[in-house]
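This report walks through a set of computed features, taking strands first, then the main pocket, then charged side-chain pairs. Please read it alongside the coordinates.

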Amino acid sequence: MNILNKTAKILKLKYLIIFTAIFFCCVNIFGQGITWQRTYNSIYSHTDIGEDICDAGNSNFFIIGTAQRLNSYSSIFALKINKFGDTLWTRYIDTAYGKTVVPSGDGGCVITGIRDAAFTTKIDSSGNIVWFKKYSGNIVFTGHDIIKSNDGGYLVCGTAFYNIGYIFKIDSQGEIEWEKFYPAGYVKYFNKILSLQSNGYLLAGTVSNAQNDTTRGLLCKIDISGNIIWEKDYIVNVNTSFYGLNINNNGYLLSGEYFDGEDFRIFFKRVDINGIEIFTKIFISNSDEFTINLIQVNTNKYVISAERFTNSFPFVRYPRIFITDSLGNIMTEKYYNALGDLVIKSILPVNNNDVLFTGYAEYLFSQRDDIYALRTDSLLNAPPPIAIINQSI
């Protein structure tokens, strides 16, 4: 009997060890994020800038930006990566700058940016051009944001002629349905557009009524034809601008920057559905912070990035990335660095609570920029960078 009890205990211990090993394997495989840092460049261009990132389906992603060819023109640079950051393909598209991208819902994406005419281009899942269409010509167009509309078409917001707010609507085949110009006394920019359930759109940006007037954060509601329903401007301090816009509870969350007389500061502001101010959170630090990017993970979690400069030579830019709650209390923060400038341009949350970032990284004193992508876990952790640097010898 003692021998049987002893054997049973040994078997029980073995099963416990096996179960524990399986449990920890499952935690390592399924419980942790997929994290990495990568840079991407091409032998055909000297400067590659990542501007925006979006979901490509099947755990893949599109990154779009701009490639500056050596002694030549710039073109849209698009690449598709998998969840590990491996490159699936790269494409050069037309003589334009890629600024913003949205999934098309069929495995492809639609892109716009900067050109001498308003434009959009659609590529399929393999990077083939489905269309490249130009609209209003000779307007010096900058498309800052593109969204998919409720009817399957797309809306683009930005600027025309450097200082006029501009929006256009296209159908699912890229054909223009309407366009609107929104002049101001001096400057009006639309940086972000949001589709509303009440059959309208909300726009965030910047407005200035005269050359010697400070800029103000702008929030504008339009109907489905682009007609203004109401428009409000806000001042946090000198040169206030909005760059981000999210739905938040029964209102909206605006994010931006301003100048306090000595340093640039970043902030977010909550307003109700009528644009009435509720709450403003200013992030004060010991350094200039500017070019804010903000994504909302849920009603009580935001991921934010801001650019900073090192305080000693060589002076390079680097990002501060942090997570806050809805009141702006910082829960965790990270600083990422490169051999030169490291700039974050866009943030994308991923289904398993990971976060994707894209921008560009510069090799110190080389004047060469490469597209940069970073995938962190939910706490912004990532391993050291992985990159292939081309050598002449």
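## Strand pairing around β14

Strand β14, which covers residues 216-223, is mostly covered, with 7 of its 8 residues counted as buried. The model discussed here is predicted. On one pairing, strand β13 (residues 200-208) runs antiparallel to β14 and is joined to it by 8 bridges, and within this register T206 stands opposite G217 of β14. A further antiparallel pairing links β14 to strand β15 (residues 228-234) through 6 bridges, where L218 has D233 of β15 as its bridge partner. The hairpin made by β14 and β15 has 4 residues between the strands, and G226 in this hairpin adopts a positive phi near 90 degrees.

As general background, strands of a sheet pair through backbone hydrogen bonds, in either a parallel or an antiparallel sense.

## Strand pairing around β4

Strand β4 (residues 74-81) is likewise described as mostly covered, and here 8 of its 8 residues are buried. Strand β3, spanning residues 60-69, is antiparallel to β4 and connected to it by 8 bridges, with Q68 placed opposite S74 of β4. Strand β5 (residues 87-93) also runs antiparallel to β4, the two being joined by 6 bridges, and the bridge partner of A78 in β5 is R91. Between β4 and β5 there are 5 residues, the two strands forming a hairpin in whose turn G85 has a positive phi of about 90 degrees.

## An open sheet of four strands

Which order do the strands of the open sheet of 4 strands follow? The order is β16-β17-β18-β19, and the pairing is antiparallel. The edges of this sheet are formed by β16 and by β19 (277-283), each of which pairs on one side only. From one strand to the next, the twist averages 20 degrees. Within the sheet, strand β18 (residues 264-272) is joined to β19 by 6 bridges in an antiparallel arrangement, and I266 stands opposite F283 of β19.

## The largest pocket

The largest pocket has a volume of about 1,300 Å³. Its lining comprises 40 residues, and those closest to the pocket centre are D52, D145, K192, Y243 and S346. Several strands give two or more residues to this lining, among them β2 (45-57), β8 (129-148), β12 (187-196) and β24 (342-349); the list also includes β16 (238-248) and β17 (251-259), two strands that belong to the open sheet described above. By residue class, the lining of the largest pocket divides into 18 nonpolar, 13 polar and 9 charged residues.

## Salt bridges

Side chains of opposite charge can pair when their charged atoms come close. A search over the whole structure finds 21 salt bridges, and three of them are set out below.

| Salt bridge | N to O distance |
|---|---|
| K122 and D106 | 2.8 Å |
| R115 and D116 | 3.0 Å |
| R216 and D213 | 2.6 Å |

The salt bridge between K122 and D106 links distant parts of the chain, since K122 lies in strand β7 (residues 109-123) whereas D106 lies in the loop between β6 and β7, 16 residues apart. K122 has a relative accessible area of 10% and therefore counts as buried, the cut-off for that class being under 20%.

How accessible are the two partners in the salt bridge of R115 with D116? R115 is buried, because its relative accessibility is 14%, while D116 is partly exposed, because its relative accessibility is 45%.

In the salt bridge that R216 forms with D213, R216 is classed as buried because its relative accessible area is 17%, and D213 is classed as partly exposed because its relative accessibility is 22%. Beyond these pairs, E289, R308, R320 and E333 are joined into one network by salt bridges that share partners.

Definitions and conventions:
Residues numbered from 1 in each chain as written. Predicted model: local features only at pLDDT ≥ 70, side-chain atom pairs only at ≥ 80, totals over all residues. Heavy atoms only, no water. Buried < 20%, exposed > 50% of the residue type's maximum accessible area, 1.4 Å probe, protein only. Pairing = 2+ DSSP bridges. 1 Å grid on protein atoms, 1.4 Å probe; cavity = no way out; pocket = protein on both sides within 12 Å on 5 of 7 lines; lining within 4 Å. Points joined across faces, edges and corners; volume = space filled by probe spheres on them. Nonpolar A, V, L, I, M, F, W, Y, C, P; charged D, E, K, R; others polar. Axes fitted to C-alpha atoms, helices over the stretch in contact; angles between N-to-C directions. Salt bridge = Lys/Arg side-chain N within 4 Å of Asp/Glu carboxyl O.
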